[in-house]
Amino acid sequence: MDTPRVGIPEHLASRMTMPEQHEYLRTRLTRRGALRAGAAAAGAVAGTGLTGGAPGAYARQPAARALASPGLLTTPATGLVDGRHVAPFGRHLAFGSDPRTRMRISWQVPSAVRKPFVRVGAEPWDLGQRIEAEVRNLHTPSLSGKLPAVDQFYLHAALDGLRPGRTYYYGVGHEGHDPADPRHFRTIGTFRTAPAHAGRFTFTAFGDQGVSYHALANDQLILGRDPAFHLHAGDICYADDSGAGKPTDVYDARVWDQFLAQTESVAGSVPWMVTTGNHDMEAWYSPSGYGGQSARWTLPDNGVDPRTAPGVYSFAYGNTGVVALDANDISYEITANTGYTGGRQTRWLDRRLGELRGRRDLDFLVVFFHHCAFSTTKAHASDGAVREEWLPLFEKHQVDLVINGHNHVYERTDAIRGGRVTKPVPIGATVDSARDGIVYVTAGGAGKSLYDFPVPDSYEGHVKDLDGVASYSWGKGGVKRPETVEWSRVRYTGYSFLAVDVEPAVPGGRPRLRVTALAENGERIDHFDVVRPGR
């Protein structure tokens, strides 16, 4: 039977928080029997939501050495189709809390399977180690009455005890589909753990990807850079195409299938480290809206709380510490989740940046999140809450580079401290982050429709420097505060991504980040260097 249409009265829709939306949807659909219909259609999908909500949305099966998620009931997956006829897809990797020794492998199957597992080994013909996988079933009812109910099956395996700096081969399978079978040899993938000691490496970054030919083009260029990992600054697939954080938002869970299939060519070998944007809040699955993300991704569990805030975590690779944040928690612009961690994320950020800066083996600190600290587009511009809550901490702990999404363009600032330009950083320049301040980069041109600026673009080969740009920032209560800014150094209306080459200090030299922005045709649109004092 079709799921009844779920309507939320207009007088409630404009002011409901994400937890209130979750409670409303759960109560409404439970009362109308929709969950019972959905569970029957799923075959044997049972369990509870992330905080013990109504049954049928997210069931989880334990696996060997899997990340713990207290509060989730578990159930074994039920084989509905002969496993010989079910092909895994949508593989994506992520680091565990220590990239030198821990890797998480995730994938999807179109229907339930029995006894899923990962095979891993040092050679493609020797996949002797077999690790049981964890099943996370996700049921999405027809929230609008127009889209079909969807049941999805995500599988995750935790690989711990790996050796640093090693290439491993892996294959994913289940009963009836063994990747060690010669018939499936072409599906074998690889990954490489982080090195034990600092060395040169590259990472890439962008936000606001979605599913499109432009997104696919960026993925292929990224693969050509051979990155050690990729940072995705939120608004991952746009299953929720509105992203307003309101009860009227409707998300098509099938878009996640398209996205993971699109991204597999890169994410199957490059750890794809994501955080959360406003389009990633999906109220049905959990009070924080991130239950769907928790079903589809396994990320480091060292942040605020991996159950409620999966996009908040950190890791270190070589001489670089990386911190992922969820700016939905503090945003003045989109407030459905504002304050949902009760300030814990900001307190954690202060502690974690202090810990990372105190490590003698780390030179650089890179922070990435969704809502922009500094941008001048007509669509979202800057979020004043990010400036007020987090910039003082970035400066206190001498963060070297901040990467945002949200605005679907490329934009880059001069060096900034205290909200003001401390040093102009023209294209090709070098900035000493400890002395000069922080450069903020908006890299939101990953594949979704583009925004525009109130002034002409200015990028490599087309420089049009301006003394000021009329823009605004978001204040409390959703107020737009006009401002004329001097910090907008590079602006590019086009699809693009960021590539960062990390170079440890050589004798007599300084550690260096070589930051490059590339358009989807491969042309360079910006580049600058960040250096720090040698240790």
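**Exercise 1. Find out which residues Thr187 touches beyond its sequence neighbours, and describe its setting.**

*Solution.*
Step 1. Leave out residues up to four places away in sequence, and Thr187 touches Arg91 and Tyr170. Keep in mind that you're working with a predicted model.
Step 2. Now place it on the chain: Thr187 sits in the loop that links strand E8 (167–173) and strand E9 (189–192).
Step 3. Take one of the partners, Tyr170. It is 17 residues from Thr187 in sequence, and the C-alpha to C-alpha distance is 8.9 Å.
Step 4. Is Thr187 buried, exposed or partly exposed? Its relative accessible area is 24%. Buried means under 20% and exposed means over 50%, so Thr187 counts as partly exposed.

**Exercise 2. Get an overview of the whole protein: how many helices and strands does it have?**

*Solution.*
Step 1. Count the elements: there are ten helices and 28 strands.
Step 2. Check the burial. The protein has 535 residues, and 60% of them count as buried.
Step 3. Look at the outside. About 19,600 Å² is exposed, with 50% of it supplied by carbon and sulfur atoms.
Step 4. Ask how far along the chain the contacts reach. Take the contacts with a separation of 6 or more: 72% of them are between residues 24 or more positions apart.

**Exercise 3. Work out how strand E2 pairs with strand E3, and in which sense.**

*Solution.*
Step 1. Find the two strands: E3 covers residues 103–109, while E2 covers residues 89–95.
Step 2. Read the pairing. Five bridges link E2 and E3, and the sense is antiparallel.
Step 3. Pick one bridge to look at: His92 has Ser106 of E3 as its partner.
Step 4. See how covered E2 is. Six of its seven residues are buried, so E2 is mostly covered.

**Exercise 4. Explain why strand E15 can be called largely enclosed.**

*Solution.*
Step 1. Go through residues 364–368. Five of the five are buried, so E15 is largely enclosed by the rest of the structure.
Step 2. Sort the side chains by direction. Phe364, Val366 and Phe368 point one way, Leu365 and Val367 point the other way, and all are buried.
Step 3. Look for a partner strand. Strand E14 (residues 320–324) runs parallel to E15, and five bridges join them.
Step 4. Zoom in on one position: Val323 is opposite Val367 of E15.

**Exercise 5. Put the strands E16, E23 and E24 in order and say which ones are at the edges.**

*Solution.*
Step 1. The order is E16-E23-E24, in an open sheet of three strands with mixed pairing.
Step 2. Strand E16 (382–383) and strand E24 (479–485) each pair on one side only, and these are the edge strands.
Step 3. Try one of the pairs. E16 runs parallel to strand E23 (residues 469–475), with two bridges between them.
Step 4. Within E23, Trp474 is the residue opposite Asp383.

**Exercise 6. Which residues touch the most other members of the largest nonpolar core?**

*Solution.*
Step 1. This core has 100 residues, and the ones that touch the most other members are Phe191, Phe229 and Leu231.
Step 2. Apart from this core there's another one, of 36 residues, including Val304 and Leu325.
Step 3. Follow Phe229. Leaving out residues up to four places away in sequence, its contacts include Phe95, Phe201, Val270, Phe315 and Tyr317.
Step 4. Now turn to Gln345, in helix H7 (residues 344–357). With neighbours within four places in sequence set aside, its contacts include Val304, Leu325 and Trp390.
Step 5. Gln345 is buried because its relative accessible area is 0%, and the cut-off is under 20%.

**Exercise 7. Compare the settings of Gln398 and His406: is each one buried or partly exposed?**

*Solution.*
Step 1. Start with the backbone. Gln398 has a phi near 55°, a positive value in a residue other than glycine. His406, which isn't a glycine either, has a positive phi of about 75°.
Step 2. Locate them. Gln398 is in the loop between helix H9 (391–396) and strand E17 (401–404), and His406 is in the loop between E17 and strand E18 (410–413).
Step 3. Check the accessibility. Gln398 has a relative accessible area of 31%, so it is partly exposed. His406 is at 2%, so it counts as buried.

Technical notes:
Residues numbered from 1 in each chain as written. Predicted model: local features only at pLDDT ≥ 70, side-chain atom pairs only at ≥ 80, totals over all residues. Heavy atoms only, no water. Buried < 20%, exposed > 50% of the residue type's maximum accessible area, 1.4 Å probe, protein only. Helix = DSSP H or I, 4+ residues; strand = E, 2+ residues; numbered from the N terminus. Pairing = 2+ DSSP bridges. Contact = heavy atoms within 4.5 Å. Areas by Shrake-Rupley, 256 points an atom, 1.4 Å probe, with all protein chains shown as cover. Core = buried A, V, L, I, M, F, W, Y, C linked by side-chain atoms within 4.5 Å.
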